[in-house]
Amino acid sequence: VHPDGHGVLFTRDVPDTSLMWNLEFLAFDGDGEPSTILANDGYGGRYSPNGRWIAYGGYTADRWEVFVMPAGGGPRKWQITTSGAVWPQWQPDGRRLFVQSSGNKASFFEVETGGSSFQFGTLTEVMPVDDLSPTGVPFDIHPDGKRMVQAGPDPSVNLDRVSPIHFVTDWRRALAR
């Protein structure tokens with residue numbers, strides 16, 4: 001979701017292709033038609049907290065890397081990883097950009113997002129994380145920026161005894177009955 005809440009950025013498969021996705025934006029107050037921000041070249045886009053930049057994953061000649069581009073789109077982009085990385089996500093204050101780097105490590109770049117050009121420092125590894133997943137990043141950053149949580153299997157859990165979680169939507173209509 002854009003930081004000002006006026007729309008959502010999402011990834012859409014490009015039909016009849018392999019490893020190609022569009023980053024698209026859907027305005028909440030628009031006509032219901034998304035606009036393409038980046039064609040055939042990105043997935044998992046995330047807005048910077050100030051809404052000026054989008055970090056996303058893209059496929060280079062031989063591996064996945066993380067890029068940053070202006071939120072309004074256009075040809076300018078910065079490739080910030082060079083040895084493989086996926087699933088970018090911003091620290092809530094916007095001072096760091098986290099990625100899942102090669103070797104399954106949560107890593108970050110110090111970034112500067114306030115100027116007219118995006119700037120970033122060197123990669124700093126933080127902790128090991130679970131294997132790469134096509135379904136999303138296996139960790140998240142606490143709003144204070146000082147802690148992280150990691151999703152993954154708990155080897156002590158007996159899966160035969162795990163209870164499912166049921167999500168109830170439109171529950172207010174059920175109350176009216």
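**Questions on a β-rich chain**

Trainee: How many residues lie between β8 and β9 in their hairpin?

Mentor: Strands are DSSP runs (E, at least two residues), as are helices (H or I, at least four), and both are numbered from the N terminus. In the turn of this hairpin, G94 has a positive phi of about 80°. The number of residues between β8 and β9 is five.

Trainee: What kind of model is this?

Mentor: Residues are numbered from 1 along each chain as its sequence is written, and side-chain values use heavy atoms, with hydrogens and water left out. Local features need pLDDT of at least 70, side-chain atom pairs count only at pLDDT 80 or more, and totals for chains, interfaces and linings use all residues; this is a predicted model.

Trainee: How many bridges join β8 to β9?

Mentor: Strands of a sheet pair through backbone hydrogen bonds, either parallel or antiparallel. Two strands count as paired if DSSP finds at least two bridges between them. In this antiparallel pair, A85 has S101 of β9 as its bridge partner. The number of bridges between β8 and β9 (residues 96–101) is four.

Trainee: How many of the residues in β8 are buried?

Mentor: Buried means under 20% relative accessible area, exposed over 50%, and partly exposed in between (1.4 Å probe, protein chains only). Strand β8 covers residues 85–90 and is mostly covered. Of its six residues, the number buried is six.

Trainee: Why does Q91 count as buried?

Mentor: Q91 is in the loop between β8 and β9. Leaving out residues up to four places away in sequence, Q91 touches P49, R96, F98, I141 and G145, where contact means heavy atoms within 4.5 Å. Q91 counts as buried because its relative accessibility is 6%.

Trainee: How far apart in space are Q91 and D140, C-alpha to C-alpha?

Mentor: Along the sequence, Q91 and D140 are 49 residues apart. Their C-alpha to C-alpha distance is 8.9 Å.

Trainee: Which residue's side chain makes a polar contact with the side chain of S48?

Mentor: S48 sits in the loop between β4 (43–47) and β5 (53–59), and counts as buried at 0% relative accessibility. A polar contact is a pair of N or O atoms within 3.5 Å; within protein, one must be able to donate a hydrogen and the other to accept it, and residues adjacent in sequence count only if both atoms are side-chain atoms. At 2.6 Å, the partner of S48 is N50.

Trainee: Which strands are at the edges of the sheet β4-β5-β6-β7?

Mentor: This open sheet holds four strands in that order, paired antiparallel. Each edge strand pairs on one side only; they are β4 and β7.

Trainee: Which residue of β7 stands opposite F67?

Mentor: Strand β6 (residues 64–70) pairs with β7 in the antiparallel sense over two bridges. The residue opposite F67 is Q79.

Trainee: Is L175 buried or exposed?

Mentor: L175 lies in helix α1 (residues 171–176). Its relative accessible area is 62%, so L175 is exposed.

Trainee: How many strands are in the chain?

Mentor: From the N terminus on, the strands come before the helix, as the order is β-β-β-β-β-β-β-β-β-β-β-β-β-α. Buried residues make up 35% of the 177 residues. Beside one helix, the number of strands is 13.
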